[in-house]
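Visitor: I would like to learn how to read the empty spaces, sheets and helix contacts of a structure. Where do we begin?

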Amino acid sequence: MTTLDQVRRRAESDARTHGYYLNPDEDFLTDLLEGLRRNEERYGYPSCPCRLATGVFEIDRDIICPCDYRDADCEEYGYCYCGLYVRKDVAEKKLPIKPIPERRPPEKLARAYSKENATPSEKPAEGKKLTIVSEKPPAVGLKMWYCKQCGYVCFREEPPYVCPICKAKREMFSGLTVRISGQD
Amino acid sequence: MRITKVKGENKKHKVLLYALSTCGWCRKTKKLLADNSVEYEYVDVDLCSDEEYEQIRDDIIQRGGRIAFPTLIIDDVKLITGFDEDEIRKALGI
């Protein structure tokens, strides 16, 4: 079983890697970490404490902490949806941390909260293959980015806030275009 | 459905809170209500059964809200999504 201390250390390590701070309000932080611990215990993965998970991994995948929306939210508002991760300048200047709008796209919300999918009982039985009905190609907004300092490459909408490998700032990232030739 | 009633001296409004037991903003909302001695009822939606969840989801959507927590319903008519402290204070006169 994951302990609160393990959840805390994991979050601290992830914050360090990506150049964030954890919420400076110790009580609030403990609430969030405890929420993550409880979700991990219930669902088997630490889904966002401030979002309702379905218990179906495929549906909840984007809200497993750190969620897919953290970097964009930290970039725009200075902290993520639940307030666990905080941008350096916001933490250092002790700027107020208030709730921000939900960035999770409507189609994912609809999928998570519809009658058909929202209930954990919909979980596929063990050994039964999960069929993904529509495997959409990656959104147009996604692209390759590489760190000019260390060569780290990632595939996402925006370059990371800092390079997780060498800690270079996002300005060191450059877009990358890959063409595959020799195929029909 | 497990509705928890929190007693308070301020009974001017009927206050219902849909919350998540794990959510920090929901906890802040509960604290704001308690600190101002507002009597209210809450449901931790993540602890509900599937049927109860569906009922709550339909209730929120019928009132024009979206599935986000905390959702506060005041006097059966006013719905506030999220821990919007100013809005909650204004609606409750606290």
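Guide: With a convention for residue classes: Ala, Val, Leu, Ile, Met, Phe, Trp, Tyr, Cys and Pro count as nonpolar, Asp, Glu, Lys and Arg as charged, and the others, including Gly, as polar. The model shown here is predicted.

Visitor: How many cavities of 30 Å³ or more does a search of the whole structure find?

Guide: The general idea is that rolling a probe the size of a water molecule over the atoms shows where empty space is left. In this structure the search finds two such cavities. The largest holds about 60 Å³, and the second largest about 40 Å³.

Visitor: Which residues line the largest cavity?

Guide: Among them are the cysteines A:C48, A:C65, A:C67, A:C80 and A:C82, together with A:P66, A:R51 and A:R70. By class, the lining has nine nonpolar residues, two charged ones and no polar one. The lining residue A:P66 follows a cis peptide bond from A:C65, with omega near -5°. A:P66 sits in the loop between α3 (57-60) and α4 (70-76) of chain A.

Visitor: And which residues line the second largest cavity?

Guide: Both chains contribute: the lining includes A:C50, A:L52, A:E102, A:R104 and A:Y113, and from chain B come B:I67, B:A68 and B:F69. The class count is eight nonpolar, three charged and no polar. B:F69 also begins a cis peptide bond to B:P70, with omega near 0°. B:P70 belongs to the loop between α2 (50-62) and β4 of chain B.

Visitor: In what order do the five strands of the chain B sheet lie?

Guide: The order is β1-β3-β2-β4-β5, in an open sheet with mixed pairing. Its edge strands, each paired on one side only, are β1 (4-6) and β5 (78-81) of chain B. On average, neighbouring strands are turned by 20° against each other, direction ignored. For one pair in detail, take β1(B) and β3 (residues 40-44) of chain B, which run antiparallel over three bridges; there B:T4 stands opposite B:Y42.

Visitor: Which helix packs on this sheet?

Guide: Helix α3 (residues 85-92) of chain B does, touching β2 (15-19), β4 (71-74) and β5 of chain B. The direction of this helix makes about 160° with that of β5(B). In the loop between β4 and β5 of chain B lies B:D75, a non-glycine residue with a positive phi of about 50°.

Visitor: What do I look for where two helices meet?

Guide: Two packed helices are described by the angle between their axes and the distance between the axes. Here the axes of α2 (residues 26-43) of chain A and α1 (residues 24-35) of chain B come within 9 Å and cross at roughly 125°. Therefore α2(A) is oblique to α1(B). A:F28, A:D31 and A:L32 meet B:G24, B:W25, B:R27 and B:K28, a contact of three nonpolar, one polar and three charged residues.

Visitor: Which element gives the most to the lining of the second largest pocket?

Guide: That is α1(B), with seven residues. The pocket has a volume of about 670 Å³. Of its 31 lining residues, A:P99, B:W25, B:K28, B:F83 and B:D84 are the closest to the centre. The elements giving two or more residues are α2 of chain A and α1 and α3 of chain B. By class, the pocket lining has 13 nonpolar, four polar and 14 charged residues.

Definitions and conventions. Residues are numbered from 1 along each chain as its sequence is written. Chains are lettered from A and ligands numbered from 1 in the order in which they are written. This is a predicted model: local features need pLDDT of at least 70, side-chain atom pairs count only at pLDDT 80 or more; totals for chains, interfaces and linings use all residues. Side-chain values use heavy atoms; hydrogens and water are left out. On a 1 Å grid over the protein atoms alone, a cavity is a set of points where a 1.4 Å probe fits but cannot get out, and a pocket is an open set with protein on both sides within 12 Å along at least five of seven lines; lining residues have an atom within 4 Å of a point. Grid points are joined across faces, edges and corners, and a volume is the space filled by probe spheres set on the points. Two strands pair if DSSP finds at least two bridges between them. Helices (H or I, at least four residues) and strands (E, at least two) are DSSP runs, numbered from the N terminus. Axes are lines fitted to C-alpha atoms, for helices over the stretch in contact, and angles run from 0 to 180 degrees between N-to-C directions. Contact means heavy atoms within 4.5 Å. Angles under 35 degrees count as roughly parallel, over 145 as roughly antiparallel, 65 to 115 as roughly perpendicular and the rest as oblique.
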